Every structure is written in C-alpha cells, then in structure tokens.
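User: Please take a close look at the aromatic pairs in this model, and set them against the overall build of the chain and its less usual backbone sites.

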Amino acid sequence: MKILIADDTSSDRFVLKSYLKQLGHEVVDAADGQQAVEVFIEHHRSFDLLILDVIMPNVDGYGAARQIRDILGDEWLPIIFLSGLTDDEDLVAGIHAGGDDYLFKPVNKVILSAKMNAMQRISNLRQKLSDSNKRLARIVNVDGLTGASNRYHLDEYLEREFLRARRNQVPISIAMVDVDLFKSFNDSYGHLAGDECLKAIVETISKVCRRATDLVARYGGEEFCCVFSENDLSSAAYLAEKMRQAVADAKLGEQITKTDRVITISIGVASMIPQLNDSVLDLVHRADQALYKAKENGRNQVQTAPEK
C-alpha cells in the first residue's frame with residue numbers, strides 16, 4: 001500500500017516509517033497536519049491509507065483528517081490515528097473526526113503488522129469496488145456497438161459543459177456528423193457491414209478529437225455528435241474538416257466491402273458563448289441546420305451555422 005504518515009516527532013516518524021517499509025509498503029511522511037494535507041493534494045490523493053499523529057503543531061491529526069475528508073467527498077479512505085491518549089473521550093473524538101482505527105504509542109510492531117494486514121484486505125476490496133464502478137460507468141455511458149459515448153452520456157455532458165461555458169463566458173462548439181447514404185450502404189452490404197462502418201467511423205474521428213474535454217457520442221442511428229469545449233467556431237470547423245478528411249482518406253468502404261464503395265460523412269458545426277436565455281437545444285438545432293445544408297449541397301462537406 002501507499003501510506004501517508006504524519007508525526008511531528010522525527011524519531012517516532014522514523015521508527016514508524018522503518019516498520020512500514022519492512023512490511024513492504026511505500027511510505028510518504030509529513031511533519032505536521034497542515035503538511036499532511038498539502039502532501040495529500042500534491043500526490044493527487046493517491047494514498048491507500050493515512051496514519052496521523054493526534055497531537056501536532058499548526059494543524060493536529062483531527063483537523064487534518066477533517067480537511068482530507070472534505071477533499072475526498074463521498075470517496076472513502078481509511079485513516080488511523082496515532083496517539084498516546086487512551087481515554088474513551090479521545091477515541092470518540094477520533095471517530096467523529098473521521099478516523100477508522102487507533103494505534104497507541106509507542107508503536108508495537110506486531111500490532112502494526114496485524115493492522116496493516118487488515119487494512120490491506122480493505123484496500124484490495126476498495127480497489128475491486130472501484131474497478132466494478134468503472135466497469136458499470138462504462139456500461140451506462142458507452143454505446144455498446146461503436147464504443148462512443150451514448151446519448152444519455154452526451155445529454156448529461158453537453159448540459160454540464162454548456163452551463164460551464166455560460167458561467168465562464170467561453171465558447172462551446174458541437175459538430176453533428178452524419179454518414180452519407182448509410183441506408184443504401186446497409187441495403188447493399190447488410191447490417192453487419194453497416195455495423196463495421198459505424199465502428200470504423202468512430203475510431204477514425206476519435207483520433208481527431210483527442211483532448212480530454214472532447215467528446216464523441218452516438219446521437220442516434222448513423223448520426224454522431226462531437227463536443228468541443230472552449231473551442232470557437234473556426235477551431236471547431238477546422239477539427240470537423242480534419243474528421244471529414246480522415247474518413248475520406250481512410251477508404252473505409254473499400255476495407256469493409258472489398259469493393260470500391262466510398263464512405264463519406266457530412267458535418268454541421270455550431271458554436272456560441274451561451275447567454276442567460278440560451279439553451280443546449282438552441283446549439284443542437286443550429287448544428288442540425290448546418291448539417292442539413294451540408295447534405296443538401298452535395299454531402300461530404302462541412303457547413304457552419306452563423307455565429308451568434
């Protein structure tokens with residue numbers, strides 16, 4: 001486990017650190033409660049266990065535990081308090097501060113080993129639960145066929161980013177992407193080939209949408225929506241053209257059908273810096289209109305909605 005320990009007595013800290021390293025754990029130490037909170041943040045909350053001395057200058061162990069619990073929110077992380085105080089009132093105070101167990105000074109190596117074994121089991125269970133939650137989130141948020149985000153996740157993400165853009169007065173852009181003549185492709189080569197076509201398109205355009213804040217989602221059928229947070233119209237149009245060109249250059253139809261069948265996409269792009277009376281539906285509607293124009297003008301092209 002990766003363990004953060006905090007104790008203002010350097011000799012006690014050295015002994016505890018030595019014991020934990022002998023037991024095979026990675027240890028990071030701090031000299032007081034405030035430093036423990038700072039180290040916790042600096043290491044991106046990557047610890048499996050915290051051991052905090054109760055009596056420390058600046059911020060004591062209880063105060064550090066409260067601050068760290070506030071940072072964690074609903075996430076749980078085991079905290080053991082280290083103290084020479086053995087009264088019932090001290091144990092209750094530790095529990096109220098967010099502690100899960102106590103180690104009494106001077107630390108007994110046998111007892112420490114037993115507690116670390118117990119905490120290791122808890123840490124393993126916690127990791128399994130985290131992995132299960134990630135798998136569940138993927139099932140909930142991802143389109144089963146293409147691997148893109150699904151409509152549920154798109155609606156949730158777009159609403160959140162739209163509100164953030166309105167709050168910070170920054171642009172948000174979307175690109176509505178449609179596979180040209182997809183019904184004809186399905187009718188000619190079958191639904192399995194159609195499925196392969198959609199998966200290949202998502203894989204291709206996702207290579208263009210590479211920022212952490214970019215989102216590629218299946219909007220419905222053969223239509224997709226790409227969200228570009230903090231991108232203005234010209235930037236979003238540039239990315240849309242890169243997606244269109246990438247699909248054209250990939251010659252996906254030839255790969256899937258082993259014929260000279262060409263697969264292309266049409267894209268409509270819209271952007272805005274949302275104001276109080278604007279809504280996500282306004283943005284989607286304007287991108288849809290631009291997509292309709294791209295289809296009407298001959299397909300395999302990018303059209304942009306007028307800036308608002």
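The answer below begins with the aromatic pairs and then widens to the chain as a whole.

Analyst: The model is a predicted one, and a search of the whole structure finds six aromatic pairs. One of them is formed by Phe81 and Tyr102, whose ring centres are 5.9 Å apart and whose planes meet at 50°, an arrangement that counts as tilted. Phe81 belongs to strand β4, residues 79–83, while Tyr102 belongs to strand β5, residues 101–104, so the pair ties together parts that are 21 residues apart in sequence. Phe81 has a relative accessibility of 0% and counts as buried; Tyr102, at 9%, counts as buried too, because the cut-off for burial is under 20% relative accessible area. These two residues also belong to a cluster in which ring pairs link Tyr62, Phe81, Tyr102 and Phe104.

A second pair joins Phe182 and Phe185, and with ring centres 6.5 Å apart and planes at 15° this pair is stacked. Both residues sit in helix α7, residues 182–189, where their spacing of three residues separates them by about one helical turn. Phe182 is buried at 8% relative accessibility, and Phe185 is likewise buried at 3%.

Around these pairs, the secondary structure of the protein comes to eleven helices and ten strands. The radius of gyration is 28 Å, well over the 19 Å that the globule rule gives for 308 residues, so the protein is more spread out than a compact globule. The C-alpha trace spans about 80 × 45 × 25 Å along its principal axes. Buried residues nevertheless make up 47% of the 308 residues, and of the contacts between residues at least 6 apart in sequence, 67% join residues at least 24 apart. The accessible surface comes to about 15800 Å², with 52% of that area belonging to carbon and sulfur atoms. As for charge, the protein carries 37 positive and 46 negative charges, and the mean positions of the two sets are 5 Å apart.

The start of the chain can be placed in some detail. Met1 lies in the segment before β1, residues 2–6, and with 14% relative accessibility Met1 counts as buried. Leaving aside neighbours within four places in sequence, Met1 is in contact with His25, Glu26, Asp48, Leu49, Met116, Met119, Gln120 and Ser123. By comparison, Ile205 stands 204 residues from Met1 along the chain, and the C-alpha atoms of the two are separated by 40 Å.

Some backbone sites also deserve attention. The peptide bond from Lys105 to Pro106 is cis, with omega near -5°, and Pro106 is placed in the loop between β5 and α5, the latter covering residues 109–141; strand β5 is the element that holds Tyr102 of the tilted pair. Gln169, although not a glycine, has a positive phi of about 55°; Gln169 is found in the loop between α6, residues 151–168, and β6, residues 172–179, and is partly exposed with a relative accessible area of 39%. Arg299 is also not a glycine and has a positive phi of about 70°. Arg299 has its place in the loop between α11, residues 280–296, and β10, residues 302–304, and this residue is partly exposed with a relative accessible area of 35%.

Definitions and conventions
Residues numbered from 1 in each chain as written. Predicted model: local features only at pLDDT ≥ 70, side-chain atom pairs only at ≥ 80, totals over all residues. Heavy atoms only, no water. Helix = DSSP H or I, 4+ residues; strand = E, 2+ residues; numbered from the N terminus. Rg over C-alpha atoms; globule rule 2.2 N^0.38 Å. Buried < 20%, exposed > 50% of the residue type's maximum accessible area, 1.4 Å probe, protein only. Contact = heavy atoms within 4.5 Å. Areas by Shrake-Rupley, 256 points an atom, 1.4 Å probe, with all protein chains shown as cover. Lys, Arg positive; Asp, Glu negative; His and termini not counted. Charge placed at Lys NZ, Arg CZ, Asp CG, Glu CD. Phe/Tyr/Trp six-rings, centres within 6.5 Å; stacked < 30°, edge-to-face > 60°.
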